[in-house]
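Thank you all for making time this morning. I would like to walk through one model with you, and I will begin with a question once it is on the screen.

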Amino acid sequence: MNATNRGYFDCIRPCISSTMFQQLFIAAFTLCLTAINMMTFERTFAEQVFSVVYLGVILIQIMPACMCVNYMMTETHFLTTAMYSCNWMDQNFEFRRILIIFMQRSQKSNVVNAGNIISVSLATFLAIQMCK
């Protein structure tokens with residue numbers, strides 16, 4: 001990730017962080033309330049089916065964001081290996097020097113946090129799903 005892309009990432013991180021925190025908090029809160037509602041009150045079969053479908057819809061709502069961030073983190077993890085696999089030994093000194101700097105920078109993971117509290121990933125998605 002070059003300096004310009006890093007600047008873009010740092011620029012949009014606060015917006016994504018607060019938005020994802022609100023989204024994950026509301027989803028977890030809704031999932032827990034719906035699960036408590038299903039267990040506490042007597043419901044007809046149709047109401048139970050509706051509640052289960054509603055739980056699924058809430059989970060589907062947050063899944064794409066968690067998957068995309070997890071995919072981004074996985075791809076950036078393999079970036080260093082991909083750079084090392086290029087034909088760097090036959091390149092000039094300037095190329096090798098820049099490659100080393102770029103490889104060192106790529107080893108720092110770019111994590112998107114929700115509210116600067118919890119990272120957004122598939123593990124977070126599964127943790128929220130376990131709430132129900």
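Which residues does the UniProt annotation "transmembrane region" cover? According to that record, which is an unreviewed entry, the annotation covers residues 20-40, 52-73 and 111-128. Please keep in mind throughout that what you see here is a predicted model, and that the annotation comes from the UniProt entry and not from the coordinates.

Let me set the overall frame before going into the details. The secondary structure of the protein comes to 5 helices and 2 strands, and if we follow the chain from the N terminus, the order of these elements is α-α-α-α-β-β-α. Of the 132 residues of the protein, 23% count as buried.

Coming back to the annotated spans, we can ask what the model shows for two of them. Residues 20-40 are 100% helix and 0% strand, and the C-alpha atoms at the two ends of that span lie 30 Å apart. For residues 52-73 the model likewise gives 100% helix and 0% strand, with the end C-alpha atoms 31 Å apart.

I will start with helix H1, which runs over residues 3-40, and with its phenylalanines. The structure holds 3 aromatic pairs. One of these joins Phe21 and Phe25, whose rings are stacked, with 6.2 Å from centre to centre and 20° between the planes. The two residues are 4 positions apart in helix H1, and therefore about one helical turn separates them. Phe25 also pairs with Phe29, again in a stacked arrangement, at 6.2 Å centre to centre and with 10° between the planes; these two residues, too, both lie in helix H1, 4 residues apart, or about one turn of the helix. Taken together, Phe21, Phe25 and Phe29 form one aromatic cluster. As to exposure, Phe21 is partly exposed, with a relative accessible area of 34%, and Phe29 also counts as partly exposed, at 47% relative accessibility.

Helix H2 comes next, covering residues 45-77. At 1.5 Å a residue, its 33 residues should span 48 Å, and its end C-alpha atoms are 47 Å apart, so the expected span and the model agree. That agreement should be read alongside a local feature, namely a kink of about 30° at Met63, which lies shortly before the proline Pro64. The buried residues of H2 are Ser51, Leu55, Ile58, Leu59, Ile62, Cys66, Val69 and Thr76.

Cys66 deserves a further remark, since it leads to the question of sulfur chemistry. How many disulfides does the structure hold? The count is 0. For Cys66 the reason is distance, because its sulfur is 9.5 Å from the closest cysteine sulfur, in Cys68, which is too far for a bond, the cut-off being 2.5 Å. Cys66 is buried, at 0% relative accessibility, whereas Cys86 is partly exposed, at 28%.

Beyond H2, there are two contacts in space that I would like to point out. Phe78 has its place in the loop between H2 and helix H3 (79-84), and at 48% relative accessibility it counts as partly exposed. The C-alpha atoms of Phe78 and Gln107 are separated by 9.2 Å, although the two residues are 29 residues apart along the chain. Lys108, for its part, is found in the loop between H4 and strand S1 (113-114), and is partly exposed, with a relative accessible area of 49%. Lys108 and His77 are 8.7 Å apart in space, C-alpha to C-alpha, while being 31 residues apart in sequence.

Finally, a word on charges. Side chains of opposite charge can pair when their charged atoms come close. In this model there is 1 salt bridge, in which the side chains of Glu94 and Arg97 meet at 2.8 Å, N to O. Why are these two residues about one helical turn apart? They are separated in that way because they lie 3 residues apart in helix H4, which spans residues 93-106. Both partners are partly exposed, Glu94 with a relative accessible area of 39% and Arg97 with 37%.

Technical notes:
Residues numbered from 1 in each chain as written. Predicted model: local features only at pLDDT ≥ 70, side-chain atom pairs only at ≥ 80, totals over all residues. Heavy atoms only, no water. Buried < 20%, exposed > 50% of the residue type's maximum accessible area, 1.4 Å probe, protein only. Salt bridge = Lys/Arg side-chain N within 4 Å of Asp/Glu carboxyl O. Expected span 1.5 Å × (residues − 1). Bend = angle between axes of the 7 residues up to and from the residue. Phe/Tyr/Trp six-rings, centres within 6.5 Å; stacked < 30°, edge-to-face > 60°. UniProt positions renumbered as here; feature names shortened; annotations may be inferred.
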